[in-house]
Amino acid sequence: MRNTQYPENWEKIKLGEVMTVIRGASPRPKGDPRYFGGSIPWVKISDITKVPGKYIYETKDHVTEAGAEKSRLLKKGSLILSNSGTVCVPKFLGVDGCIHDGFVSFPDIPEEIHKDFLLEYFNWIRPYVINENRQGITQVNLNTGIVRDFDLPIPPLPEQHRIVAAIENYFSRLDKAVEALERVKANLKRYRASVLKAAVEGRLVPTEAELARAEGRGYEPASVLLERILKERRKKWEEAGRKGKYKEPAAPDTDGLPKLPEGWCWATVEQLFWTVTDGDHQAPPKAEEGIPFLVIGNIKTGSLNFENSRHVKTSYFEKLDTQRKPEQGDILYSVTGSFGIPVFVDTEKPFCVQRHIGILKPTKITNALLYTRFLGSQFVFSQAAEVATGTAQMTVPLSGLRRIVVPLPPTAEQDRILVELDRQYSVIENTEFFICTNLQRTTRLRQSILKWAFEGKLADQDPNDEPASELLERILQEREAMKPKKKTRKPRRKKK
């Protein structure tokens with residue numbers, strides 16, 4: 001930014017020399033009913049970070065008239081700039097309101113500087129400002145002194161108008177492109193859900209019953225497969241040396257469930273998995289290194305993520321019951337907060353999980369990969385939501401998870417469903433990657449447009465425009481005239 005070459009007919013000056021920079025203020029203590037809970041909007045950083053466009057109209061918090069006196073009350077149309085956390089984000093106030101101490105504002109922008117030109121200037125310098133003022137690893141904070149020291153380019157006023165018009169024209173086209181990409185992205189999400197729904201309902205591939213009739217052969221219906229799974233389940237239970245008498249899982253309650261395709265049957269999660277448990281309920285002591293300890297944040301994407309994971313001592317891990325140690329081929333299922341996320345364990349790496357994550361251990365003949373998909377369906381999520389309890393954080397109890405009902409197709413059909421799901425998901429993921437790549441390109445292009453604009457390459461330059469040097473001289477003269485004159489003291493007469 002500081003090394004930018006501006007056109008010869010432009011001028012450059014420190015921002016603080018042509019306008020005043022004032023900082024917002026926050027009434028203390030926060031939440032005091034004398035100051036908060038009124039009708040005057042009070043702008044915080046969180047109010048502007050996700051708001052598109054140039055204007056901010058609504059705020060989460062409001063202050064009273066007494067609170068406004070302890071804050072910074074600004075008129076509608078005022079330009080504000082964030083200076084803490086998410087820095088250098090400019091917005092115009094769409095209503096009268098107050099700014100807290102995470103913002104600065106500019107109460108006397110000269111008429112010779114187009115306000116929209118100034119706003120786009122802040123958008124342009126934002127990455128440079130973040131880079132130059134980074135403190136530590138991630139924290140970036142500004143102050144009024146830093147903002148006053150910004151190098152402000154000043155083109156002729158008519159050229160400022162042309163630059164703003166050109167930026168808005170290009171950005172309007174980009175916005176339409178982004179809207180189209182976002183629509184496709186949303187449609188892909190719905191399409192993914194519809195593909196999974198078709199799989200769960202037996203409409204994704206030809207059923208085994210249909211193929212058997214067409215080929216003149218027999219097939220094993222899912223009811224027979226379920227009997228084999230239950231035998232295997234009891235065998236796994238006994239091999240694991242579980243205490244107590246083995247209890248056969250209850251058959252599913254099928255009242256109100258949709259009709260299944262020929263050859264399919266209903267089964268519960270408890271029937272298909274020989275054990276359904278969760279992580280240890282005792283909070284383990286933290287360790288700098290050792291065995292990874294995963295929380296819901298490590299599985300939120302639908303896959304295992306060991307980056308930035310916590311750790312526990314090896315001695316703690318070794319004392320855990322075998323059923324509480326996830327193994328390759330198991331399924332994890334989030335049961336608290338962001339519940340309903342299934343994850344297939346595809347690693348031999350030892351790790352353990354918090355109690356907010358369920359551990360489903362399949363039998364040898366339970367298709368864990370397919371049921372990782374099925375458990376992520378809306379059909380299953382709806383059942384999980386029905387049994388979830390709690391207020392601040394909803395939790396799916398293990399007893400409720402075990403009772404969740406899922407469809408069971410014949411074995412050969414399961415394999416075809418999984419192949420087709422993977423094929424269609426691959427197409428969807430490739431398209432999503434293409435969309436995300438192009439969305440990133442629009443962000444880079446937006447910054448390039450701003451760069452061209454403030455290098456004087458986006459709009460035409462007119463030799464008939466009033467030179468920027470004369471414009472700047474007038475600004476400085478006007479500011480000098482506005483300064484309060486110092487009072488001169490008359491010299492005292494000497495006494496004779």
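These legends walk you through several close-up views of a predicted model.

**View 1. The largest nonpolar core, with Leu 408 as our guide.** Let us start with the largest nonpolar core, which has 50 residues. Those with the most contacts inside this core are Leu 272, Leu 360, Tyr 371, Leu 401, Leu 408, Ile 417 and Leu 421. Pick out Leu 408 and look at its surroundings. Which residues does Leu 408 touch, not counting residues up to four places away in sequence? They are Ala 222, Leu 225, Leu 226, Ile 229, Trp 264, Cys 265, Leu 272, Tyr 371 and Gln 414. Apart from the core of Leu 408 lies another core, of 46 residues, and among them are Val 18, Phe 117, Trp 124 and Ile 154.

**View 2. The largest pocket and the elements around it.** Now we turn to open space. The largest pocket has a volume of about 1300 Å³. A total of 39 residues line this pocket, and the closest to its centre are Arg 192, Leu 196, Arg 373, Gly 376 and Tyr 425. At least two lining residues come from each of these elements: helix H5 (157-200), strand S19 (342-344), helix H10 (368-374), helix H11 (378-387) and helix H13 (411-453). Which element gives the largest share of the lining? That is H5, with 7 residues. Sorted by class, the lining of the largest pocket holds 18 nonpolar, 9 polar and 12 charged residues.

**View 3. The second largest pocket.** Here the volume is about 1100 Å³. The second largest pocket has a lining of 32 residues, and Pro 52, Gly 53, Asn 123, Phe 171 and Arg 446 lie nearest its centre. Strand S8 (90-93), helix H3 (115-132), H5 and H13 are the elements that give two or more residues to this lining. If you know H5 and H13 from the previous view, you are right: each supplies at least two residues to the lining of the largest pocket. By class, the residues lining the second largest pocket are 14 nonpolar, 8 polar and 10 charged.

**View 4. Aromatic rings around Trp 124.** The whole structure contains 17 aromatic pairs. One of them is formed by Trp 124 and Phe 454, which are stacked with 5.2 Å from centre to centre and 10° between the planes. This pair links distant parts of the chain, 330 residues apart: Trp 124 sits in helix H3, and Phe 454 sits in the loop between H13 and helix H14 (468-482). Are these two residues buried or exposed? Both Trp 124 and Phe 454 are buried. Widen the view a little to find a cluster, in which ring pairs link Phe 106, Phe 117, Tyr 121, Phe 122, Trp 124, Tyr 128, Phe 150 and Phe 454.

**View 5. Leu 93 and its surroundings.** Leu 93 is part of strand S8. Why does Leu 93 count as buried? Its relative accessible area is 2%, and buried means under 20%. Follow the chain to Ser 78, which is 15 residues apart from Leu 93, and you will find the two C-alpha atoms separated by 5.5 Å. Leaving aside neighbours within four places in sequence, Leu 93 is in contact with Val 43, Tyr 55, Ile 56, Leu 74, Lys 75, Lys 76, Gly 77, Ser 78 and Ile 80.

**View 6. Gln 354, a buried loop residue.** You can find Gln 354 in the loop between strand S20 (352-353) and strand S21 (357-362). Gln 354 counts as buried because its relative accessibility is 14%. Setting aside neighbours within four places in sequence, the contacts of Gln 354 are Gly 279, Phe 293, Leu 294, Val 295 and Ile 296.

**View 7. Backbone details in three loops.** Begin with the cis peptide bond that joins Arg 28 and Pro 29, where omega is about 0°. Pro 29 belongs to the loop between strand S2 (22-23) and strand S3 (36-43). Next comes Cys 88, which has a positive phi of about 60° although it is not a glycine. Cys 88 lies in the loop between strand S7 (79-82) and S8, and it counts as buried because its relative accessibility is 0%. The last stop is Asn 308, with a positive phi near 55° in a residue other than glycine. Look for Asn 308 in the loop between strand S16 (291-294) and strand S17 (310-312). Asn 308 is exposed, with a relative accessible area of 80%.

Technical notes: Residues numbered from 1 in each chain as written. Predicted model: local features only at pLDDT ≥ 70, side-chain atom pairs only at ≥ 80, totals over all residues. Heavy atoms only, no water. Core = buried A, V, L, I, M, F, W, Y, C linked by side-chain atoms within 4.5 Å. Buried < 20%, exposed > 50% of the residue type's maximum accessible area, 1.4 Å probe, protein only. Contact = heavy atoms within 4.5 Å. 1 Å grid on protein atoms, 1.4 Å probe; cavity = no way out; pocket = protein on both sides within 12 Å on 5 of 7 lines; lining within 4 Å. Points joined across faces, edges and corners; volume = space filled by probe spheres on them. Helix = DSSP H or I, 4+ residues; strand = E, 2+ residues; numbered from the N terminus. Nonpolar A, V, L, I, M, F, W, Y, C, P; charged D, E, K, R; others polar. Phe/Tyr/Trp six-rings, centres within 6.5 Å; stacked < 30°, edge-to-face > 60°.
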